Amino acid sequence: MPILYTTKASATGGRAGHAASENGVLDVTLTVPKELGGDGATGTNPEQLFAAGYSACFLGALKFVAGQQKVKIPEDAKVTATVGIGPREDGTGFGIEVSLSVHIPGMDKAEAEKLAAAAHIVCPYSHAMRTSTEVPVTVA
């Protein structure tokens, strides 16, 4: 596949640390939620970042497919991604569970469902989740 855009972000300290994008626009303190044994300190976590990225990407995909069909998505349309983390049943690590909720004010539910289904095909986050995309890991 031809790559149209590439970016990088790095983290130090793990779940209780710091993460930043290569251009410095994203620069966050990472904290562990109380539910995972953290102290509740102010900060964000990988699940929140994933939820924000997925919801933004899916809304972009929704606008893209709507545009192809000459349908206007209102500015107050909203996608909410819910991301949960927990131990996998096989005991070998952790897994995530994701759901999306699409709200398009003023649009017929059946039409919104058709657009959401089309966006779920187009969205790269959805594609990666659906196909269990392989991620190469290298040690520098």
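**Aromatic cluster and antiparallel sheet**

At a relative accessibility of 24%, F50 is classed as partly exposed in this predicted model. Y125 falls in the partly exposed class as well, with a relative accessibility of 29%. Y54, by contrast, is buried, its relative accessible area being 3%, which lies under the 20% cut-off for that class. F50, Y54 and Y125 together make up one aromatic cluster.

A pair of aromatic rings is characterised by the distance between the centres and the angle between the planes. By the ring-centre criterion of 6.5 Å, the count of aromatic pairs is 3. In the pair formed by F50 and Y125, the ring centres are 5.7 Å apart and the planes stand at 55°, so this pair is tilted; the angle is neither under 30 degrees, as stacking requires, nor over 60, as an edge-to-face arrangement requires. F50 belongs to helix α1 (residues 46–68) and Y125 to helix α3 (residues 124–131), and the pair thereby links distant parts of the chain, 75 residues apart.

The pair of Y54 and Y125 is stacked, with a centre-to-centre distance of 5.3 Å and an angle of 25° between the planes. Because Y54 is located in helix α1 and Y125 in helix α3, this pair ties together parts of the chain separated by 71 residues in sequence. Y125 of helix α3 is thus paired both with F50 and with Y54.

Turning to the strands, an open sheet is formed by 3 strands in the order β1-β2-β3, with antiparallel pairing. The edge positions are occupied by β1 (9–12) and β3 (27–29); each has a single partner strand, so one side of each lacks a neighbour in the sheet. From one strand to the next, the twist averages 10°. Strands of a sheet pair through backbone hydrogen bonds, in either a parallel or an antiparallel sense. Between β1 and β2 (residues 18–21), the antiparallel pairing extends over 4 bridges. The bridge partner of A9 in β2 is S21.

S21 is also among the residues touched by L26, which is in contact with A19, A20 and S21 when residues up to four places away in sequence are not counted. L26 is situated in the loop between β2 and β3. With a relative accessible area of 36%, L26 is partly exposed, a value between the limits of 20% for buried and 50% for exposed residues. The C-alpha atoms of L26 and A9 are 8.3 Å apart in space, while the two residues are 17 residues apart in sequence.

How values were computed: Residues numbered from 1 in each chain as written. Predicted model: local features only at pLDDT ≥ 70, side-chain atom pairs only at ≥ 80, totals over all residues. Heavy atoms only, no water. Pairing = 2+ DSSP bridges. Helix = DSSP H or I, 4+ residues; strand = E, 2+ residues; numbered from the N terminus. Axes fitted to C-alpha atoms, helices over the stretch in contact; angles between N-to-C directions. Phe/Tyr/Trp six-rings, centres within 6.5 Å; stacked < 30°, edge-to-face > 60°. Buried < 20%, exposed > 50% of the residue type's maximum accessible area, 1.4 Å probe, protein only. Contact = heavy atoms within 4.5 Å.
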